Amino acid sequence: MRTSIFLYGLWCLAIVGLFMVANTYAWSPFADGRQGPRGSGGGVIFVGGPNHK
Amino acid sequence: MLTLPCPNCGAPVTFRSPALPNRVCDHCRSMLVRSDAGVGIAGQGAALPFDVSPIQIGTRGRFDGRAFEVIGRVRWSWDDGSWNEWLCLFEGGAHGWLGEAMGDFMMTFERPLAEVRSAELDRIARGAPALPGRKAEIDGEELAIADARQVSCIAAEGELPFTALPGWTIYSVDLKAASGRAASLQREGDEAWFYDGRYVTLAELSANNLRAIEGWTMPRYG
Amino acid sequence: MADAAVAQPAAKALSCPNCGGTVTLRAAGYSVTVACEYCASILDVSQPEVRLVTRYNEKASRLAIPLGTRGTLDGTEWEVVGWMARDDSGYPWEEFLLFNPYHGYRWLIEQRGGWSFGEQLTRTPEGSWGGLKVDGESYKPFFADGTARVTDVVGEFYWRVKRGDTVRTDDWVRPGAMLSREADGKEVNWSRSRWVPAATIAAAFGVAAGGKPWPPLPHQPSPALPFVKGGIVIAILAFLALLVGASITGGGRSLWNGSIAIAADGRDQQATVGPIELTRPYQRVRVSADVPALSNGWVDLDYTLVDRKNQASYTASKAAERYTGRDSDGDWSEGDQTAGADFAALPAGTYDLVIDYKGNNWVDPNKSSGNFWDPGAGEQTPDWRRDAVQPQVNISVRSRGGAGGGVFVLMLILIVLPLGAGFLIHARFEGARRGESDFASGGDDG
């Protein structure tokens, strides 16, 4: 039982650590934005995303 | 302290206290009685049957802060078994009994029945039968009669306050309280004696100089 | 050593008056009854001469732990001297009598593969039948009015025992321990047994570790409870750490607000707004678009944030669409006139927001707009092209620090998930354990 509590502690530590890293880099898997190709401001190629019906 | 030769076999026997006039000769098992006139023979004792009790003559310990040494024993039997009563001599000369039955120990001391003033005990002392389950109030505490039976002496050793010869039969009543208090009333004819005390463990008594038993590790207390 | 006297022998051999087998008396002086380990006959050993009480000529039961086996529990060595099989209306268990001349008797109780270590109490528990207390530990009632019958017996005992002996039993439990009251016509005995992991008994006495008893033993502690208890503390600490982490990353800041117009002809359009200054080392940015005039139409919006310094771009596509109408169920509407896009992990810099967009609306060709004399024609739908309205798209750009609420909730779920699983295991265990009780319909605590 001690081991499971220890492992859970590690798990929570990892989660909190992950959150801290995500927080520092303002990272979120729920964002819509994707990194696009580098280029001039115009003429951007769009990938994915919802469109009208 | 008085050391004399056994009137039966001549082996030296020691009487430690005038309050304990009886002594079983270690050599010939004669029951000796000490009186002003000298030492007489009260009867012939029996050999103790084999048992694996951890107590022996010479076992020492402390009870409620007072040191004691085991100096005698009476082995009693009843219909359904037998047990030991070890006589403990305390510093200052008082004595108590370390009862040993079914692997449990209890330390009891004689008290005058008049001081106890229990109607139930008085009734039993006067000859009424003791009924298991009946209650007796002693010092404001309720004790229940656990059992009542005829018991007989099988054998004895060491120093004793009375003559305990094989076949001596008395009526013995055990009482117990929820707190672990244990008491007993013993009756022979018109006479009755009351013993009051409680359950103890060898650890609690810091018992030492226990009997060595082959193949078992002797615990070290204290 | 002062007490290095000649050691007293520990056992005595006697011969069974029925089968002649050599029976070892391991608790001489205490034992009253011996059930011969060869022929199962009951012998009386309370007197110097052994007496046959009940003659049996059967092969005595083979014991999981043979007589004479020694094992050490909590630092004290015990020897198995007796064994009884008992049963309470189809609920069987076995009891091994343990002996150590210096420590007296104990019991090893086996039931459904689970083990307990028991001792006779020299005190009577305090309290009422509803709950008892011994050594400051309280016990709750579990079994009532049972009848325990001895079905088989081998070895030596300190009382007269025989097959068929019955006692009335009542049991109280607390996690890890059981309090039992056994009463026959003459006396009442109280004993306390503590649950011992099967592995401990297996290691001490060499029995094969049994399976896990199911349903659990009445006093078996829930294996998940320590995890749940410890886990709650850890989870609270982790939650607080998340809160602290979330709070130090700061709130939102408005970066740009403005409007762009949608052309009437529905062509592709592009607008560039900015500059948008991102000052935090990293941030999330939300671009919100609101088309108040949107009705029965759609607007596609493709956002691209371009870092002026290195032309790194971040893109997201969104659509705002909203349709309304009227059918047999009444008025309906679906969709949303707003379209927001979230960007995450944007490094600091000066950005332009390039919006590629295109809008259109749909007009029911069978219905004229602005039909004043027909209220049932539905809400007024402006035809962008015909009515020459120029719908505006209101754009606002805000920045936020940190990973955001979504990640916070996700992490919270990940933290709680193992704890919840542990709690479910605990609840299932306790339900099965309590289900065995004569008081099963009772309380829900524990």
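Do chain A and chain B touch or not, and how far apart are their nearest C-alpha atoms? In this predicted model, chains A and B make no contact, and 32 Å separates their nearest C-alpha atoms. Touching is found for 2 pairs of chains, and the pair with the most contacts is A and C.

Chain C is a good place to look next. Its secondary structure consists of 23 strands together with 4 helices. With 446 residues, chain C would have a radius of gyration of 22 Å by the globule rule, but the computed value is 41 Å, well over that figure, so chain C is more spread out than a compact globule. Along the principal axes, the box filled by the C-alpha atoms of chain C is roughly 125 × 65 × 40 Å.

What share of chain C is buried? Of its 446 residues, 49% are buried. Among the contacts in chain C with a separation of 6 or more, 64% link residues that are 24 or more positions apart. Turning to the surface, chain C exposes about 20900 Å², and 53% of this area is supplied by carbon and sulfur atoms. Charged side chains are also part of the picture: chain C carries 52 negative and 44 positive ones, and the centres of these two sets lie 5 Å apart.

Chain A, finally, has a stretch that is marked in a record. An unreviewed UniProt entry annotates residues 6–28 of chain A as "transmembrane region". In the model, these residues of chain A are 83% helix and 0% strand, and the C-alpha atoms at the two ends of the stretch are 28 Å apart.

Terms used:
Residues numbered from 1 in each chain as written. Chains lettered and ligands numbered in written order. Predicted model: local features only at pLDDT ≥ 70, side-chain atom pairs only at ≥ 80, totals over all residues. Heavy atoms only, no water. Rg over C-alpha atoms; globule rule 2.2 N^0.38 Å. Buried < 20%, exposed > 50% of the residue type's maximum accessible area, 1.4 Å probe, protein only. Contact = heavy atoms within 4.5 Å. Areas by Shrake-Rupley, 256 points an atom, 1.4 Å probe, with all protein chains shown as cover. Lys, Arg positive; Asp, Glu negative; His and termini not counted. Charge placed at Lys NZ, Arg CZ, Asp CG, Glu CD. UniProt positions renumbered as here; feature names shortened; annotations may be inferred.
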